[in-house]
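Student: Please take a single helix of this model and examine it closely. I should like to follow one part from its geometry to its surroundings in one connected account.

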Amino acid sequence: MKLLGDPAVIANLLEEAAAIVSRRLRSQSSRTDAQQIQKVPGFLFKCFMRKVNRAKRKQVVTVSLREVAQSKPSWADPAAEFDMKILVDEFLDHCDFMTQDMFLRRVEGFSWEEIGRVYEMSAHNALERVRHVFQQVRAKLKI
Amino acid sequence: MPDPKRRKDIKEEEFLGFAKSYLSEAFPNPQRNGCPRDSELTRMAEHPNETEHASVSQHLTRCSPCFNRYMEVLAELKTRKAE
């Protein structure tokens, strides 16, 4: 029960289980002996546990989806991380002084306008300068 | 239909975030070999000049303490300019 946490959820599940038992009891007459409920408390408990297990399974899925939504960066797995390291290294190797400094400023959160002002060019030109090297390196590395 | 040969998009913020965490940790340089003076980093942040700062710039990408310091200097500069 601890896994489900919320008492309201548990109460709901118990209610649903009770409804199932109640429906089954109402239709007892049309069933064969083998299908009839012998012990009501036992059957209720079984229904309830089935509901609990289903809810727990759903809970696990919900958590996983939330984790995905919060999305680990694409480089969270070792192979992707390795690719990214190579990409950063190669990118920096291909940068001239100005492009590298523009990139470092961008890393620190400067806007392209601010970067452009430092090097007396437009924001667009600053962006294109960095992007051009980045695209070249990506194409070369096929990453 | 998506082209299967097309490379996966790398978002700018993703690349920048990775680069920052990678460069800030991957090159510890505990002996601080070849590190420029703080004033040189400040000067480069304020008035970048290739002739003067080419070697400093090269060093930054291979020394995490200097990279981190340069990031701090840039952040200070950004704050000062915003005021």
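**Helix α6 of chain A**

Tutor: Within chain A, confidence (pLDDT, the predictor's confidence in each residue, from 0 to 100) is lowest in helix α2(A), residues 40-69, with a mean of 71, and highest in α4(A), at 97. The average over chain A is a pLDDT of 82, and 78% of its residues score at least 70. The model is predicted, and local features therefore need a pLDDT of at least 70, side-chain atom pairs count only at pLDDT 80 or more, and totals for chains, interfaces and linings use all residues. Residues are numbered from 1 along each chain as its sequence is written, while chains are lettered from A and ligands numbered from 1 in the order in which they are written.

The part chosen here is α6(A), residues 123-141; helices are DSSP runs (H or I, at least four residues) numbered from the N terminus. Its 19 residues should span 27 Å at 1.5 Å a residue, and the end C-alpha atoms are 27 Å apart, which agrees. The expected span is 1.5 Å times one less than the number of residues.

Consider next which residues face inward. A residue is called buried if 20 or more other C-beta atoms lie within 10 Å of its own, exposed if 12 or fewer do, and partly exposed in between, with C-beta atoms placed from the backbone. The buried residues of α6(A) are A126(A), R129(A), V130(A), V133(A), F134(A) and V137(A). Seen down the helix axis, they fall within an arc of 115° and so line one face of α6(A); the arc is that of the directions from the axis to the C-beta atoms. On the face turned away from this buried side, α6(A) carries the exposed residues H124(A), R131(A), H132(A), Q135(A) and A139(A).

The buried residues of α6(A) pack against α3, α4 and α5 (112-118) of chain A. Contact between two residues requires C-beta atoms, placed from the backbone, within 7 Å. F91(A) touches V133(A), F134(A) and V137(A), leaving aside residues up to four places away in sequence.

F91(A) is also among the residues with the most contacts inside the largest nonpolar core, which has 32 residues. Such a core is a set of buried Ala, Val, Leu, Ile, Met, Phe, Trp, Tyr and Cys residues joined through C-beta atoms within 7 Å. The elements that give it two or more residues include α6(A) and, from chain B, α1, α2, α3 and α4.

Just after α6(A), K142(A) takes a positive phi of about 55°.
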